[in-house]
Amino acid sequence: PTRICEIYSSSHTSSKLLKSGSGGIQIIQTSFAEPSKQWSEVACVNVKNRRHLQEQDEELQQQEYGTAQINIDFDKVAFPDRPPILGFGGAFTEAAALNFNSLSQQGQDAVIELLFGKSGLGYTLGRTHINSCDFSVESYSHDDTDGDFTLDDFDTEVTHDLESGMVDMMLLAQKSVDESFPKEVDEYGMRIIASPWSPPSWMKAPTSDDVEGALHAELMTGS
């Protein structure tokens, strides 16, 4: 039995290079077998053109492509004693905001709809970092006052996150969820978890970049 392969090729790659097998990945074979198996036991056929596809269409439709089947009963709660799932989503990082802001308005609208809109994935859960993280341009903190363990000087305006566009991106996501799912907003609206990430430099040991005898990692530029 055969089935169609997922084929990705480049018009800039010469046919000679492709035939030699040194042109990189040409075929991506997705799983049509059991969920626990990475590859299908059904071999795939390289369909080179539309005419070839039409000729084999009838044969391909008659093949059995595996036994994986998912049945969902929405009226039956699998684990009623467990806390409910709050939602699915991703991370709002500085890197995400910088890439998002580099898009045109049309591109930004498309991203928000694809991730949080009704016609997209419908994400309703997000996580963001307090202070810098490994997806930040450089190390930063909302409280750079040495020894301020009571957070008296903590920047409650989160100025850096406003200026980087992180907050605006989160507000756009929330607006999309509110408009896409108005009946579910109160119970399943956009939730954003702010997670403490990298401590300020005055809470870290000196690094090799600091002067000898330094008490803290004053010159640290990583997260």
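In this predicted model, a nonpolar patch of about 440 Å² is found on the surface, and the residues that make it are Ile 70, Ile 72 and Phe 74. One of these residues, Ile 70, is placed in the loop that runs between helix H2 (50–61) and strand S5 (89–92). With a relative accessibility of 74%, Ile 70 counts as exposed, because the cut-off for that class is over 50% relative accessible area.

The strand that follows this loop, S5, belongs to an open sheet of 3 strands, in which the order is S5-S6-S7 and the pairing is parallel. Strand S5 and strand S7 (191–196) stand at the edges of the sheet and have a single partner strand each, so that one side of each is left without a neighbour in the sheet. On average, and with direction ignored, neighbouring strands of this sheet are turned by 25 degrees against each other.

The pairing within the sheet can be followed strand by strand. Strand S5 runs parallel to strand S6 (residues 125–130), and the two are joined by 4 bridges. Gly 89 has Leu 125 as its bridge partner in S6, while the partner of Ala 91 in S6 is Arg 127. On the S7 side, S6 and S7 are likewise parallel, with 6 bridges joining them, and here the bridge partner of Arg 127 in S7 is Ile 193. Arg 127 of S6 is thus named in a bridge with Ala 91 and in another with Ile 193 of S7. In general terms, the side chains of a regular strand alternate between the two faces of the sheet.

Helix H6 (residues 166–180) lies across S5, S6 and S7, and its direction makes an angle of about 155 degrees with S5. Within helix H6 are found both Glu 179 and Lys 175, which are 4 residues apart, or about one turn of the helix. The side chains of Glu 179 and Lys 175 meet in a salt bridge, with a distance of 2.7 Å from N to O, and the count of salt bridges in the model comes to 1. Such an arrangement accords with a general principle, namely that side chains of opposite charge can pair when their charged atoms come close. As for accessibility, Glu 179 is exposed, its relative accessible area being 53%, whereas Lys 175, at 47% relative accessibility, counts as partly exposed.

The loop between S6 and helix H5 (159–164) holds Asn 131, and Val 158 also lies in the loop between S6 and H5. Although Asn 131 is not a glycine, its phi is positive, at about 75 degrees. For Val 158, which is likewise a residue other than glycine, phi is again positive, with a value near 40 degrees. With regard to accessibility, Asn 131 counts as buried at 9% relative accessibility, since buried means under 20% relative accessible area. Val 158, by contrast, is partly exposed, with a relative accessible area of 24%.

Conventions:
Residues are numbered from 1 along each chain as its sequence is written. This is a predicted model: local features need pLDDT of at least 70, side-chain atom pairs count only at pLDDT 80 or more; totals for chains, interfaces and linings use all residues. Side-chain values use heavy atoms; hydrogens and water are left out. Patches are made of residues with over 30% relative accessible area and no salt bridge: like charges are joined within 9 Å, nonpolar side chains (Val, Leu, Ile, Met, Phe, Trp, Tyr) within 5 Å. Accessible areas come from the Shrake-Rupley method with a 1.4 Å probe; for residues, only the protein chains shown count as cover. A salt bridge is a side-chain nitrogen of Lys or Arg within 4 Å of a carboxyl oxygen of Asp or Glu. Buried means under 20% relative accessible area, exposed over 50%, partly exposed in between (1.4 Å probe, protein chains only). Two strands pair if DSSP finds at least two bridges between them. Axes are lines fitted to C-alpha atoms, for helices over the stretch in contact, and angles run from 0 to 180 degrees between N-to-C directions. Contact means heavy atoms within 4.5 Å.
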